[in-house]
Amino acid sequence: MNNNSNKMFFLFILFFSTLISISSNSWFGCWIGLEINLLSFIPLISNSKNLLSVETSLKYFLTQSLASINFLFMILIKFSLLKNFNMNNIISIMMNSSLLMKMGSAPFHFWFPNIVEGLSWMNNFMLMTWQKISPMILLSYYFNKNFLIFMIITNLIIGSLGGLNQTSLRKLLAFSSINNLGWMIFSIMISENLWLFYFLIYSMMISMMISLFFLMNMYFMNQLFINNMNFFIKLNLLINFLSLGGLPPFMGFMPKWIIINFLLINKFYFLTFIFMMTSLIIIYYYIRIIYSSFMFNYFKMKWVNLLMKNNMSLINLSSFISISSMILSTFIFM
Amino acid sequence: MCFNSFFFLFFFMLINYFFFVYFIMNGLSVFFEWEIISFNSMSIVMSILLDWMSLLFMMFVSLISSVVIFYSKSYMNSELNLNRFIILVLMFVFSMVLLIISPNLISILLGWDGLGLISYCLVIYYQNLKSYNAGMLTALSNRIGDVMILMVICWVMNYGSWNYIFYFDFMKNDYVMFIISFMIIIAAMTKSAQIPFSSWLPAAMAAPTPVSALVHSSTLVTAGVYLLIRFNYLLIDMFFFKVLLFLSILTMFMSGISANYEFDLKKIIALSTLSQLGLMMSILSLGFPDIAFFHLLTHAMFKALLFMCAGVIIHMMNDIQDIRYMGGLSLYIPLTSLCLNISNLSLCGIPFLSGFYSKDLILEMVSFNSFNLMVFILFYLSTGLTVFYTFRLIMYVMINDFNLMMIYNLYDEDYIMLNSMFVLLFMSLLSGSFLSWFIFSYPYMIYLPFNLKLMVIYVSILGSILGFMVSNMGIYSLNKLLLSYNLSSFLCLMWFMPNLSTYGLSYIYLNFSQILFKNIDMGWSEIYSGKGIFNILKNYSVFYNIYQMNNFKIYLFSFILWFMILFIFFFI
């Protein structure tokens, strides 16, 4: 991100708006937070010199405002027409739909890969991690269980199938984010603590990957092979991708493990099956990328020679965390 | 390294000799026992039995191995890793000694397994494809015997300890002893290459010649016979000995026939070893263990000598082992041909060489006691066959014309190899009479009619005439040989028995696994799990992308449409 004080200002308001949204007493406060979120994110992503980012910010504005309008309207209907607070009714479906559209979850996710394609890596990072906090927490206040389970299944399937045919790294992470949204929505239904845990680990993994891609300025898959990467950078990429996919000794396995544990104890067998199979497709896809970049020796001329001597400590630290955090976490709770 | 081990083994031989003479003159036997651990009802002991039989056998083993190590100093002088070879031979001797002196099954197993493993290492010493195949065949055939001994160990636990020599007189009619004896006989048959397991011995000739001289003539293959000699009191009236008799005389007969068709020098000697092993096993199963032991020892002497002469000849022929290239060597290499001739004649049983004492005694015991006709015929026929292939070999190697090259230098003055052969020559001349004076404290009573006594000479003369006639191959011999093609191929390929151990075991399974691999691994499982699922997912993903790549208005409009549907449901 550029050292631009305007962007600092809007970033501060962005953080503050999420805090407003999640810590308010009434639904109006939530809606206000969402609106301020939208308004402060737009200046972060629009750059009037680049036509693509203008178009992207316009698309973002249209979808998010439509969702906010619906959210406000549903809040008003709920206040005026419903006198009780049972959760699983049709108003909650409507409220959840608008929140799901804000997050970029299926079946309202079609804007998400398009927009992600137009943003730079740091803006993507914001979009994928921070922007999801307030809709999720609002979701946990009033949700419809049946509707959400159906949406979870849709999320998982679309996240895995859509990512199969992609070559752009941003769209790839977008579909992976949609898949992980499925896991996160389910963890909201289990307990909020678990959601927080999952969300923190997910944002840590995404931050490691995005920082790696940002430092090497890589936006497409073929850039993984053409560049003359250091061995440790490739190793870090390997570990992070596998961790994101949820493979056991790495960090990303832990939250998925706890969710699967809950699922099996409470006999959600069909849902477990869907979770497992879609994770498998996602991991296949990641391994396809890192196998090619890590093990094969491409015979093309490598014009870009990445030295990256100054940033090695960060990469080593992130690899270490990804590998060892599962084991170290058991020491914490002893 | 060679000289050190030679001296050590030679002195070991002398020590054994003196102890042997002392023990047999005074009828002494010493039993050392060290109890390692005793738990519940079993006790694991390490015991050493020194009686005249084990001392005599150790003396012979150490003599042959010392001479072979001395011989291999010159035979394998171009070998880079000669120390490795000598160490392997020493470990082999150690395992053999452990086998000889042990009266309990655990140390027999240690020696037995050690023999099998080290003989595998020695057979594959030249690392080429033929040695690899031969080593596999050797190791796996010996492994069957190892498994049998393991199972015997398991069954003997019924009796409380593994010192088998104490139980023979008391437990003879027990059911457990029945099973134990069956397994012991199978173990001895695998080690000594009797009929179902006889394919490894000719194949193991891929080993270096010193290894063949030590291992495949006198020590490894006689371990089975030695085991049966030790277990003789148990097995002597059992049914299995009749089976062993049948199989061993067939082995004797078959290998005698097959040796007549062979043209590889070492394979002829291997098949003659197999024939003599059959002889030892058969006289053992007829109930004469001491004669079997006697023949074991004298055979060790001249067979080792024969292998060493074969080694010298192979070196001279530029590493060619085919006897059709050799000929007339008696004119050029007198000392080596001296050793070769004496060992060959000793093998035939020519009077008053060492082989005569043991072989003639065996044949006379067979004639004197009343056995059935087939035993009698096959014994004498095999003796005749021995003379047949021996004379054929002598004609090919010594007497006919030299077939290798126009100008050649046959180098006989390698005195390292010759001195080692002279030691064995001395022993092979004299050991027959020496041993008969030592071992048999009273001679056997044999009273035969005149023609039966001369039967040996009759079959020997017949065999020698046939050997002379067969080796006169001319240009037009081949078209007459093709008349009996089917019979010849049956007889020369050891009655097709190697196929039992090699091709017959593996063909069905390889064929089946090819069918499985083609139809399942590269067939249906690709459709149902590998590529098939990938194609399905890819089609789904392509189908999804049609929805993804759309006009932006349609997304927003679809959202509004969804809400309209929900409103309709809400307000119905």
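**View 1. Chain B as a whole, in a predicted model.** Chain B exposes about 26,400 Å², and carbon and sulfur atoms supply 71% of that area. The model shown here is predicted, so please read every value in these legends as computed from it. Chain B holds 23 helices and two strands. Of its 572 residues, 55% are buried. Among the contacts in chain B with a separation of 6 or more, 80% join residues that are 24 or more positions apart.

**View 2. The interface of chain B and chain A.** Here we turn to the place where the two chains meet. On one side are 23 residues of chain B, in contact with 35 residues of chain A. Together the two chains bury about 2,400 Å², and 81% of this lies on carbon and sulfur atoms. Three aromatic names are worth finding in this view: B:Tyr544, B:Phe552 and B:Phe559 supply 25% of the area that chain B buries against chain A, more than any other three residues.

**View 3. Polar pairs and helices at the interface of chain B and chain A.** How many salt bridges does the rule find across the interface of chain B and chain A? The count is zero. Polar contact is found there for four residue pairs, with both residues at pLDDT 80 or more. On the side of chain B that touches chain A, the elements that give two or more residues are α22 (531-548) and α23 (552-571) of chain B. The most comes from α23(B), with twelve residues.

**View 4. A nonpolar surface patch that includes B:Phe468.** The patch covers about 590 Å² and is made by B:Ile457, B:Tyr458, B:Ile461, B:Ile465, B:Phe468 and B:Met469. To find B:Phe468, follow helix α17 (residues 450-470) of chain B. Is B:Phe468 buried or partly exposed? With a relative accessible area of 43%, B:Phe468 counts as partly exposed, because that class runs between the 20% and 50% limits.

**View 5. The surroundings of B:Gln194.** This close-up sits in the loop between α6 (175-191) and α7 (200-203) of chain B, where B:Gln194 lies. B:Gln194 has a relative accessible area of 0%, and is therefore buried. A polar atom of the B:Gln194 side chain is 3.1 Å from the backbone oxygen of B:Ser192. Leaving aside residues up to four places away in sequence, B:Gln194 touches B:Met189, B:Leu247, B:Ser248, B:Thr251, B:Leu277, B:Gly278 and B:Met281.

Conventions. Residues numbered from 1 in each chain as written. Chains lettered and ligands numbered in written order. Predicted model: local features only at pLDDT ≥ 70, side-chain atom pairs only at ≥ 80, totals over all residues. Heavy atoms only, no water. Patch = residues over 30% accessible without salt bridge, like charges linked within 9 Å, V, L, I, M, F, W, Y side chains within 5 Å. Areas by Shrake-Rupley, 256 points an atom, 1.4 Å probe, with all protein chains shown as cover. Salt bridge = Lys/Arg side-chain N within 4 Å of Asp/Glu carboxyl O. Helix = DSSP H or I, 4+ residues; strand = E, 2+ residues; numbered from the N terminus. Buried < 20%, exposed > 50% of the residue type's maximum accessible area, 1.4 Å probe, protein only. Contact = heavy atoms within 4.5 Å. Buried area = accessible area lost by both parts, 1.4 Å probe. Polar contact = N/O pair within 3.5 Å; in protein donor to acceptor, adjacent residues only side chain to side chain.
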